[in-house]
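Welcome to the tour. Please open the model in your viewer, keep the selection tool at hand, and follow along stop by stop.

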Amino acid sequence: MLFSLDSGVQVLPADEIDVDISKAVCFTGHRETSITPYGSKPLYRNITVRTVQLMLCRYIDMAVEQGYSDFISGLAMGTDLWAAKYVLAKKRSDKKIRLIGVMPYLLHAKRFEAHYRELLTEVENSTDQLLTTNTDPEVVYGKSRSGGNTSPDLYKVRNYFMVDHASAVISFFNEGAFKSGTYQTLNYAVRKGRKIRRFGLDDVYALIEEYGPDIESIRRRLTFMENVFEQPY
């Protein structure tokens, strides 16, 4: 048996996943450190990050409205854990909703910032399934294959696994980030014919441009945003 090093929750091999692919959505997106504040001004950092989070939440709401009920998170800092936290909030009022966490390897959170490790623990304790795509308890990410228990493919395998077990992808992706894992995951999703619904910093900046640092106005505007899951691919 395997257990999370953060929460102590049992971790299952990824091939034991229990999911209805037709009703499943996975997430891919950037970390918080990749978010440039509006106008490149530090004073707008909080409103920029919060708007990203609110857009992500709205996309999850739209997926639920369209009948999606299984949500797969890769449990990384930023987009993955923000999405997972919101799905847990949705679960409290809708018992059909399920959260599946997929870690790339057991030591993946070793370098997480403290508040993200706390969030990870909270999320893991409430997942319907906690999985890993690599069951070796000692393997770590490394760009070389010759350095003992290291592999450069750990995140790629996890990301592709999530796409393979979902019919739709929600992504926070910045145009131009062509060397990112998010870009690699989206390319794979395109090849697999998955429905992709994504937004980026340009969308976030447009809201801040219109409403300024008024988070409640931005929240209300997003409430009336057209459901992108109703639109053809």
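Begin by selecting Leu12 together with Leu131: Leu131, in β6, is the bridge partner of Leu12. Keep in mind throughout that this is a predicted model. Widen the selection to residues 10-13 and 129-132, and you have strands β2 and β6, which run parallel and are joined by 2 bridges.

**The whole sheet**

Now show every strand of the sheet. There are 8 strands, forming an open sheet with mixed pairing, and the order to trace across it is β1-β2-β6-β5-β4-β3-β9-β10. Which strands sit at the edges? Select 2-3 and 195-199: these are β1 and β10, and each of them pairs on one side only. As a reminder for this stop, strands of a sheet pair through backbone hydrogen bonds, either parallel or antiparallel.

**Strand β3**

Next, select residues 24-29, which make up β3. Is β3 enclosed or open? All of it is buried, 6 of the 6 residues, so β3 is largely enclosed by the rest of the structure. Colour the two faces separately: Ala24, Cys26 and Thr28 are buried on one side, and Val25, Phe27 and Gly29 are buried on the other. The alternation is what one expects, as in a regular strand the side chains alternate between the two faces of the sheet.

Add β4 (70-73) to the view. β3 and β4 run parallel and are joined by 3 bridges; to find one contact, pick Ala24, whose bridge partner in β4 is Asp70. Then turn to β9, which pairs with β3 in the parallel sense over 5 bridges. Here the residue to pick is Val25, which stands opposite Ala168.

**Strand β9**

Stay with β9 and select residues 168-172. This strand is also largely enclosed by the rest of the structure, because 5 of its 5 residues are buried. Ala168, Ile170 and Phe172 cover one side, while Val169 and Ser171 lie on the other. Moving on to β10, you will find 5 bridges joining it to β9, and the two run parallel. Ile170 stands opposite Arg197 there.

**The nonpolar core**

Keep Ile170 selected and add Phe71. Within the largest nonpolar core, which has 52 residues, these two touch the most other members. To see where the core comes from, show β3, α1 (45-65), α2 (79-91), β5, α3, β9, α6 (201-211) and α7 (215-223), the elements that give two or more residues to it. α1 gives the most, with 11 residues. In soluble globular proteins, nonpolar side chains tend to be buried together.

**The largest pocket**

Switch to a surface view and select Tyr155, Arg158, Asn159, Gly181 and Thr182. Of the 22 residues that line the largest pocket, these are the closest to its centre. The pocket has a volume of about 410 Å³. Among the elements supplying at least two lining residues each are α4 (154-164) and α5 (181-191), and β3 from the earlier stop does so too. Which element supplies the largest share? That is α4, with 5 residues. Colour the lining by class and you should count 7 nonpolar, 10 polar and 5 charged residues.

**Two loops with positive phi**

Select Ser40, in the loop between β3 and α1. Its phi is positive, about 55°, although Ser40 is not a glycine. Now jump to Leu75, in the loop between β4 and α2; this residue other than glycine also has a positive phi, near 65°. Is each one buried or exposed? Ser40 counts as exposed because its relative accessibility is 56%, over the 50% cut-off. Leu75 is buried, with a relative accessible area of 0%.

**Aromatic rings and a last loop**

Show the aromatic side chains. The whole structure holds 10 aromatic pairs, and ring pairs link Tyr38, Tyr44 and Tyr205 into a cluster.

For the final stop, select Glu113, in the loop between β5 (98-103) and α3 (114-124). Glu113 is partly exposed, with a relative accessible area of 39%. Draw a distance from its C-alpha to that of Tyr68: the two are 45 residues apart in sequence and 31 Å apart in space.

Methods:
Residues are numbered from 1 along each chain as its sequence is written. This is a predicted model: local features need pLDDT of at least 70, side-chain atom pairs count only at pLDDT 80 or more; totals for chains, interfaces and linings use all residues. Side-chain values use heavy atoms; hydrogens and water are left out. On a 1 Å grid over the protein atoms alone, a cavity is a set of points where a 1.4 Å probe fits but cannot get out, and a pocket is an open set with protein on both sides within 12 Å along at least five of seven lines; lining residues have an atom within 4 Å of a point. Grid points are joined across faces, edges and corners, and a volume is the space filled by probe spheres set on the points. Helices (H or I, at least four residues) and strands (E, at least two) are DSSP runs, numbered from the N terminus. Ala, Val, Leu, Ile, Met, Phe, Trp, Tyr, Cys and Pro count as nonpolar, Asp, Glu, Lys and Arg as charged, and the others, Gly among them, as polar. Buried means under 20% relative accessible area, exposed over 50%, partly exposed in between (1.4 Å probe, protein chains only). Rings of Phe, Tyr and Trp (its six-membered ring) pair if their centres lie within 6.5 Å; planes under 30 degrees apart count as stacked, over 60 as edge-to-face and the rest as tilted. Two strands pair if DSSP finds at least two bridges between them. A nonpolar core is a set of buried Ala, Val, Leu, Ile, Met, Phe, Trp, Tyr and Cys residues joined through side-chain atoms within 4.5 Å.
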